Every structure is written in structure tokens, then in C-alpha cells.
Amino acid sequence: MKYCRFQSENGPQNEPVFGQIEERNGESWVIRSIDSPWLPDGRAAREIDPRRLSELQLLVPVAPSKIICVGRNYRDHAKELGNEVPAEPLLFFKPPSSLLAPGGVIRMPKSSARVDFEGELAVLIGKRARKLRRDEDLRPYIHGYTLANDVTARDLQKKDGQWTRAKGFDTFCPVGPIVETDLDLAAGLTIETRVNGEVRQHGSTLDFIFPLPVLLEYITAAITLEPGDLLLTGTPAGVGPLADGDMVEVSIPGLGRLSNLVQPDED
């Protein structure tokens with residue numbers, strides 16, 4: 001099932017709504033409202049008339065308690081930044097406050113002279129996960145997949161040594177536009193990032209250094225994952241700086257296109 005989360009225009013208090021998506025004549029339509037798929041306090045949504053996805057004000061389709069990210073999970077990406085290929089998964093966090101909706105504006109902070117794009121596949125956790133094993137059936141723990149952009153202040157990343165500030169600015173984690181609960185990751189997914197229409201990144205999840213079962217085993221040995229948590233799986237080679245006015249788009253077949261404008265911070 002594909003679904004999105006969007007701003008209601010006529011419901012009580014304009015509450016956000018989850019909507020199931022169906023393809024009709026090459027277009028994505030929201031055909032019905034659905035209950036919150038994973039929010040424990042989500043309330044049932046109202047009936048709606050079918051609407052084109054392109055007509056809706058889309059919101060971030062996730063609300064994670066934590067966002068865990070994997071660094072240097074593609075060999076070519078590690079090499080392009082002059083880094084060694086890690087012997088074990090390299091983990092870091094992005095705060096939930098960095099989440100940004102599809103169509104939202106990525107704000108470049110004044111404290112950074114270089115802000116990079118990093119298109120990624122994101123995995124949404126569906127069930128409490130602790131001490132998983134890579135050889136067990138992990139499908140019950142995976143709710144679905146979506147797109148993410150691990151926006152990074154590259155100069156601050158190098159300056160600080162640890163990555164919290166460089167990865168954690170407000171607007172530095174665009175996610176969406178949809179969640180797909182049924183994708184065959186084992187077959188490989190092609191990920192592309194375009195800036196102003198030009199392809200900058202083109203990779204396949206088959207090139208992961210650490211595939212998803214290895215990542216889940218490694219992460220849950222130390223950190224319990226809760227329903228709704230988000231795992232960013234790493235970015236392929238081709239990362240580069242963004243500039244004022246750029247339009248950055250991340251896409252994977254079946255997951256649509258995550259598009260965001262880039263502008264300087266207003267403060």
C-alpha cells in the first residue's frame with residue numbers, strides 16, 4: 001500500500017489526514033482516508049473525495065522518536081570524500097526537529113559555507129525491535145519505505161569532528177512524499193538525485209556495503225527501535241553543494257519524487 005499525509009482543508013481544526021494512494025491513468029490519486037498506520041495516538045480520518053496527489057499540501061509522512069542514519073554505506077561515496085570504507089556500520093542521529101515536508105524550503109545556515117545534498121532510501125520501522133538477528137525474518141519489523149535527503153553542512157562536519165550540528169539543523173531532513181509498504185529491496189532500488197534537473201547521484205541499493213539485515217542487527221544490538229522510527233540507509237556517490245535557488249529532487253521508482261527548494265536562512 002502507498003499512502004501520504006496531507007493537510008486537510010475542510011476537516012475539524014484542519015487536522016492532518018493519512019490517505020491511501022492509487023495510480024489512475026499515470027497519475028497518483030488519494031482515493032480514501034485511512035487510520036494512522038503507526039502513530040499510537042492517531043485518530044481515524046474522515047471520508048474524503050478522491051484527489052490528485054499533486055493538488056494536496058503534503059506533510060512529512062512520518063513522526064519518528066529518533067532518526068538513525070548510516071554514514072559511508074556506499075564505497076564510491078566514502079572514496080569521493082577521501083574517507084576509508086568503514087569496517088562496521090557508521091551511525092549517527094538527526095533530530096526529529098530537522099524533518100521537512102515535501103515542497104518545504106531547505107534553509108542554509110549562515111554558519112556554514114557549504115551545504116550538501118545526500119539522497120537516500122529511508123526505512124520506517126513498524127514494530128518494536130531489539131537484538132534482532134540478520135538471519136531471522138525481519139519483514140514484520142519493517143513498516144515501509146520512503147525518500148530522504150540527508151542535508152549536511154559539510155564544512156561544519158569537518159570542523160566539529162562529530163556530526164550532530166552539521167546534520168541536525170532545522171530543515172536538514174526532508175522526507176516523503178509517500179510511504180510504500182510493499183517494496184522488494186532485495187531486487188535492488190535505483191536512487192537518483194537531481195539538482196535543477198541535472199542528475200548528480202545515480203546508485204543502487206544493491207551496492208550497500210552493509211545491507212539492511214546487517215544494519216538492523218547492528219543497530220538493535222545497542223538501540224531499541226520503536227514503531228515509526230526512521231532509518232536512513234546511506235547515500236551513493238555524487239554529493240555536492242547546494243546554492244540559493246536550487247531545486248533538489250530525490251527519486252526512487254515506486255516512491256515518487258522528493259522535491260525541495262534551497263534558500264538562505266531568514267534569521
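A residue is called buried when its relative accessible area is under 20%, exposed when it is over 50%, and partly exposed in between, using a 1.4 Å probe and the protein chains only. By this scale Ala-186 is exposed, because its relative accessible area is 70%. The structure is a predicted model, in which local features need pLDDT of at least 70 and side-chain atom pairs count only at pLDDT 80 or more, while totals for chains, interfaces and linings use all residues. Residues are numbered from 1 along each chain as its sequence is written, and side-chain values use heavy atoms, with hydrogens and water left out.

The chain as a whole makes a good starting point. Its secondary structure comes to 4 helices and 19 strands, where helices (H or I, at least four residues) and strands (E, at least two) are DSSP runs numbered from the N terminus. The radius of gyration, taken over C-alpha atoms, is judged against a globule rule of 2.2 Å times the number of residues to the power 0.38. For 267 residues a compact globule would have a radius near 18 Å, and the protein chain agrees with this because its own value is 18 Å. Along the principal axes, the C-alpha trace spans about 50 × 45 × 35 Å. Of the 267 residues, 53% count as buried.

Contact here means heavy atoms within 4.5 Å. Among contacts with a separation of 6 or more, 70% come from residues 24 or more positions apart. Accessible areas come from the Shrake-Rupley method with a 1.4 Å probe, and for residues only the protein chains shown count as cover. The protein chain exposes about 12,300 Å², of which carbon and sulfur atoms supply 47%. For charges, Lys and Arg count as positive and Asp and Glu as negative, leaving out His and the chain ends; each is placed at NZ of Lys, CZ of Arg, CG of Asp or CD of Glu. The mean positions of the 31 positive and 39 negative charges are 3 Å apart.

We can now turn to the N-terminal strands. Two strands pair if DSSP finds at least two bridges between them. Strand β2 (residues 16–24) runs antiparallel to strand β3 (residues 27–34), and 7 bridges join them. Phe-18 stands opposite Ile-34 in β3. The two strands form a hairpin with 2 residues between them, and Asn-25 in the turn has a positive phi of about 50 degrees. Strand β3 is also joined by 2 bridges to strand β4 (residues 51–52), again in antiparallel fashion, with Val-30 opposite Arg-51 in β4.

Arg-5 is found in strand β1 (residues 2–7). Beyond its neighbours within four places in sequence, Arg-5 touches several residues, including Pro-16, Val-17, Phe-18, Leu-59 and Val-60. The C-alpha atoms of Arg-5 and Ile-34 are 9.8 Å apart, with their positions 29 residues apart in sequence. Pro-16 belongs to strand β2 and counts as partly exposed because its relative accessibility is 40%. Leaving aside neighbours within four places in sequence, Pro-16 is in contact with Arg-5, Phe-6, Gln-7 and Leu-59. Pro-16 and Leu-58 are 42 residues apart in sequence, and their C-alpha atoms are 9.3 Å apart.

Further along the chain, an open sheet of 3 strands has the order β12-β9-β17, with antiparallel pairing. Its edge strands, β12 (152–153) and β17 (240–241), each pair on one side only. Strand β9 (residues 115–117) is joined to β17 by 2 bridges, and Phe-117 has Gly-240 as its bridge partner in β17.

Helix α4 (residues 212–220) has as its buried residues Leu-212, Val-214, Leu-215, Leu-216, Ile-219 and Thr-220. Their cover includes β5 (67–71), β6 (90–94), β10 (119–125), β11 (142–149) and β16 (230–232).

Near the C terminus, strand β18 (residues 247–252) is largely enclosed by the rest of the structure, because 5 of its 6 residues are buried. Strand β14 (residues 190–195) pairs with β18 in the antiparallel sense over 4 bridges, and Thr-193 has Val-250 as its partner. On β19 (residues 256–264), 6 bridges make an antiparallel link to β18, with Glu-249 opposite Ser-259. The β18 and β19 hairpin has 3 residues between the strands, and Gly-254 takes a positive phi near 95 degrees.
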